[in-house]
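Colleague: Please show me the model, and then I will ask about the sheet and the cysteines.

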Amino acid sequence: MRVAFDGVGLVLVVAALLVFVFQLGRSVQLCATSTPRLRIGSVTVADAPVASPRTLWLGRHWVLLPPGMSRPDRDLAVRHELTHIRHRDTAWAWATALLCAFCAPNPFAWLFARNLAELDEHAVDHELVHRRRVSPRAYGSLLLSAAQGGPTVLQAAAGLSPRTSLHRRLVML
């Protein structure tokens, strides 16, 4: 079966692929300029010029933390990011980013990526608070401080609304 693209569809696919390549390049740059603090198994935890904690996978996992976090916040952020790694969320994030790049004209691809990212966060929140016995107050405080960093390029491209998503996550705690 032959798939035909009109001019607008092709422009959207090319633009989405450029955003994907930009995000990949930014991820490599962040890992290259970060200051490794410790290794947990095959995961490198590092300080990096990021606004909020994040996990990257570039052949191995990286947990990037903004400099200046307090020790309790750092520990909680690392636990949060390690839970994402345990759930294999970084692989799904790259897969959905590629899906959105190749299916840029299709709004359902973007909706799927947004919903999957939200569900990933809810699953991590639930596991930490209910199974790992993290204090909901301390965890909520960490979420609020992390939200002040703003969305990443992929979150913005997927249409994630930080306020709405954050409100839902805090209510669920």
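The questions below take the sheet, then burial, then the cysteines.

Modeller: This is a predicted model, where local features need pLDDT of at least 70, side-chain atom pairs count only at pLDDT 80 or more, and totals for chains, interfaces and linings use all residues. Residues are numbered from 1 along each chain as its sequence is written, and side-chain values use heavy atoms, with hydrogens and water left out.

Colleague: What is the order of the strands in the open sheet?

Modeller: Strands are DSSP runs (E, at least two residues), numbered from the N terminus, and two of them pair if DSSP finds at least two bridges between them. β1 and β2 pair in the antiparallel sense over five bridges, while β2 and β4 are parallel over four bridges. β3 and β4 (residues 61-65) are antiparallel over four bridges. The pairing is thus mixed, and the order is β1-β2-β4-β3.

Colleague: Which residue in β4 is the bridge partner of Asp 47?

Modeller: On the β1 side, Asp 47 in β2 is the bridge partner of Thr 35. In β4, the bridge partner of Asp 47 is Leu 65.

Colleague: How many residues of strand β2 are buried?

Modeller: Buried means under 20% relative accessible area, exposed over 50%, and partly exposed in between (1.4 Å probe, protein chains only). In a regular strand the side chains alternate between the two faces of the sheet. Val 43, Val 45 and Asp 47 point one way from β2, Thr 44 and Ala 46 point the other way, and all are buried. Strand β2 (residues 43-47) is therefore largely enclosed by the rest of the structure, and its count of buried residues is five of the five.

Colleague: At what relative accessibility does Ile 40 count as partly exposed?

Modeller: Ile 40 is found in strand β1. Contact means heavy atoms within 4.5 Å, and Ile 40 touches Val 45, Val 78 and Leu 82, not counting residues up to four places away in sequence. Ile 40 counts as partly exposed, with a relative accessibility of 33%.

Colleague: Why is the sulfur of Cys 100 without a bond to the closest cysteine sulfur?

Modeller: A disulfide is a pair of cysteine sulfur atoms within 2.5 Å, and the structure holds zero disulfides. Cys 100 is buried, at a relative accessible area of 4%. Its sulfur is too far for a bond because the closest cysteine sulfur, in Cys 103, lies at 7.9 Å.
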